[in-house]
Amino acid sequence: MNEGTKTGIFWVAAAAIAAIATLVAWPRGNDDPTGSLIGTALLEKFTDPLVATNLKIVTFDESLGELESFEVAKDRKSGLWTIPSRQGYPADASNQMQAAGTALLDLKILDVKTDKAEEHSDYGVVQPDIEKLRVGDTGVGRLVSIRNEAGDTLVSLIIGNKVKDFPTHRYVRVPNQDPVYEVELDDSPLTTEFRQWIEEDLLQLSGFDIGATKIRNYSVSVGMTAERSLAVDPKRKYDANLSLNESNQWQLDSLVVYDETSVGQARTLAADETLNSVKLNKMKSALDDLKIVDVLRKPEGMSADLKADNELVGNKESFNSLIQHGFYAALNEANEREVLSANGETIVDLKDGVQYVLRFGTIAGIESSDDAADSETTPEAAEDVGGANRYLLVTARVNEAMIPPPAVKLIPQTYEELEAMLNPPAEEPVVPGEIQENPLALPENENVPTVEPTVEPTVEPTDEPSSEPAPPEADATDAETTTTTDEPAAEPTEESTDDAVSEGTGEVEASGTENGVGGGQDPADEPATVPADETATDVSNLGAPDNAPAGEEPPVELTAEEKLERLEAEQEKLIKENQRLRDAWKEKIDAANARVRELNSRFADWYYIVPNSTYKDLQFGIEELIAKQAGMGSAPPGGVNPADGPAFPQFNFGNPGQ
């Protein structure tokens, strides 16, 4: 074998070895098709959670072998969110929906655990398919799907168990695909809990806004008569009207208690009793934080104000629905069918005029409508159900008594009425020792005022003093004319002197300014004492109007035209002020009515389901209403005609079709 042949053989062998090596090292893509997915996005099509308009979560109840579906959807026309799985109840889902979408956004594949279908149950990612599942099947996951407004599916994912030692990691699987992936996922926004998707605070009120409450504590038992007709037996216990004063303390406005025959007696707090403020404050907190756990649509024919029409009463299915949930349609005094409750009602008055009426039904889900019609059911028996909920009906209305109309001012029709309104007569103080009739008198307990000289100091006094002093601060010309007349002053007559003497006064000293005589006269010309009728000053003749302060210029008398102008100006001013007060009051009434309409738009169609513990905070016996001080006796209640107590209309409970 020559060298060329040897070289050729060598190269052939080398090529064969290289081919074998290449074949051994080639990736086995067909055996591990998912390995290259690690680190990539799991949901490539889902890039914007804001475009999501529908979320559906399907779970499997292993004990019942049934699927449970929860769905939230946005209405195309109104833009409002509802819960189709709860008969279209309004949802408060904008933020929750965004959180749910964000949780699924940009999920990265951290690992591929298996691609074998028989191992799906080990990771909790079995698809919830009712046709393939049976009671007791385990390892079934949650199927989450999100769609946009056009109905396109953006997300479809089965969420399984948590990853051991990594609580923020989950096993997931795409429906109809075998691989099981590990991803980092906070699935808390993907909840089927009803309360997480609604406005949980039912009443939306603040405890600080509560002005008064009325507790109507009664119960209604239902049974069947021998003729197989419905028998309703209401038992009234007590009616309490309570209010909060300016210090935010509870006070009892009225209380009526009832005996076994519903005869009322007025009840007042004895010396050893007080309102149980702890219980009442707990009631206020429960109203502030009233949470609902579920809803159920009411039958057709019940209005927002809890009135029932003939269609509801005549429909056996609807009538039995009321009874099943603890409510009864009955004729009230206005011959209207009103829906009453089996377990009392609580009425809440807000300071802004909005009034809530809460009527409490039976324990939720303890019996069917047939059971209610065939056997007597008492609320006390239902209370034994542990951890139960209770049905509730709510309506709102306006109580204008909480918004009293403004106190407007009267409009004067004449100038005299205007003067009387602007210058009301002052109370006349009484000086000790005499009856003071002087309109210029100082307030009570002050010294009797002196009368200032009525003559200018530069004018010489006449030989005989005038019987009438000059007006206060008269000008010099008038004073001179008065004091220099050639005719002697007339002697005071008996009639005039009697008018000038103050009642109950004897003689008045004539010296100085303390005796009421002008200081410009020589004291030597006057006797030590003179009769009061010769020295007393009659202030009613000073020429100044009543109530005018001493020493001021008398007001100028207005003409008839000026009086009319002033009257019209004041009338216009008062009319505008009164209108402003009325407008402000009307705005409050309109705001209350608008709020009531808004609330009833939510309340109108629904039975609400609330925790039974909440019911017990809002309805309680009289022994919890009144706290008794230790070591003291009690006083018996007084009697009263039931008609004099808080109004509770008499009802006539009927059967379907009546």
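Author: Let's start with a term: a residue is buried if its relative accessible area is under 20%, exposed if over 50%, and partly exposed in between (1.4 Å probe, protein chains only). What you're looking at is a predicted model, so local features need pLDDT of at least 70 and side-chain atom pairs count only at pLDDT 80 or more, while totals for chains, interfaces and linings use all residues. Residues are numbered from 1 along each chain as its sequence is written, and side-chain values use heavy atoms, leaving out hydrogens and water.

Reader: Okay, so is Asn248 buried, partly exposed or exposed?
Author: Asn248 sits in the loop between strand S11 (230-244) and S12; helices (H or I, at least four residues) and strands (E, at least two) are DSSP runs, numbered from the N terminus. It has a positive phi of about 65° although it is not a glycine. At 32% relative accessibility, Asn248 counts as partly exposed.

Reader: And what is the relative accessibility of Asn176?
Author: Asn176 belongs to the loop between strand S8 (166-173) and strand S9 (180-184). Its phi is positive too, near 70°, in a residue other than glycine. Asn176 counts as exposed, with a relative accessibility of 71%.

Reader: Stepping back, how much of the protein chain counts as buried?
Author: The protein chain has 14 helices and 25 strands. Taking contact to mean heavy atoms within 4.5 Å, 67% of the contacts between residues at least 6 apart in sequence join residues at least 24 apart. Of the 658 residues, the buried share is 37%.

Reader: Which strands stand at the edges of the open sheet?
Author: Strands of a sheet pair through backbone hydrogen bonds, either parallel or antiparallel, and here two strands count as a pair if DSSP finds at least two bridges between them. Nine strands make up this open sheet, in the order S4-S3-S2-S1-S6-S7-S8-S9-S5, with antiparallel pairing. The two edge strands each have a single partner, so one side of each is left without a neighbour in the sheet; they are S4 and S5 (111-114).

Reader: Which residue in S7 is the bridge partner of Ile146?
Author: Strand S6 (residues 142-148) and strand S7 (residues 153-163) pair in the antiparallel sense over six bridges. Within S7, Ile146 has as its bridge partner Val155.

Reader: Which residue in the turn of the S12 and S13 hairpin has a positive phi?
Author: Strands S12 (residues 250-258) and S13 (residues 264-266) run antiparallel, joined by three bridges. Val256 stands opposite Ala266 in S13. Five residues lie between the two strands of the hairpin, and the turn residue with a positive phi of about 65° is Ser262.

Reader: Where do the buried residues of H3 fall around the helix?
Author: Helix H3 (residues 277-288) has twelve residues and reaches 16 Å from its first C-alpha to its last, close to the 16 Å expected, a span worked out as 1.5 Å times one less than the number of residues. Its buried residues are Lys279, Leu280, Met283, Lys284, Ala286 and Leu287. Going by the directions from the helix axis to the C-beta atoms, they fall within an arc of 160°, so they line one face of the helix.

Reader: How far apart in sequence are the parts that Tyr89 and Trp606 tie together?
Author: Rings of Phe, Tyr and Trp (its six-membered ring) pair if their centres lie within 6.5 Å; planes under 30 degrees apart are stacked, over 60 edge-to-face and the rest tilted. By this rule there are ten aromatic pairs, and Tyr89 with Trp606 is edge-to-face, at 4.9 Å centre to centre and 80° between the planes. Tyr89 is in strand S4 (residues 89-90) and Trp606 in strand S23 (residues 606-611), so the parts tied together are apart by 517 residues.

Reader: Which residue in S23 is the bridge partner of Tyr391?
Author: Strand S20 (residues 389-398) has seven of its ten residues buried, so it is largely enclosed by the rest of the structure. Strand S19 (residues 354-363) pairs with S20 in the antiparallel sense over eight bridges. S20 and S23 also run antiparallel, joined by four bridges. In S23, the partner of Tyr391 is Ile609.
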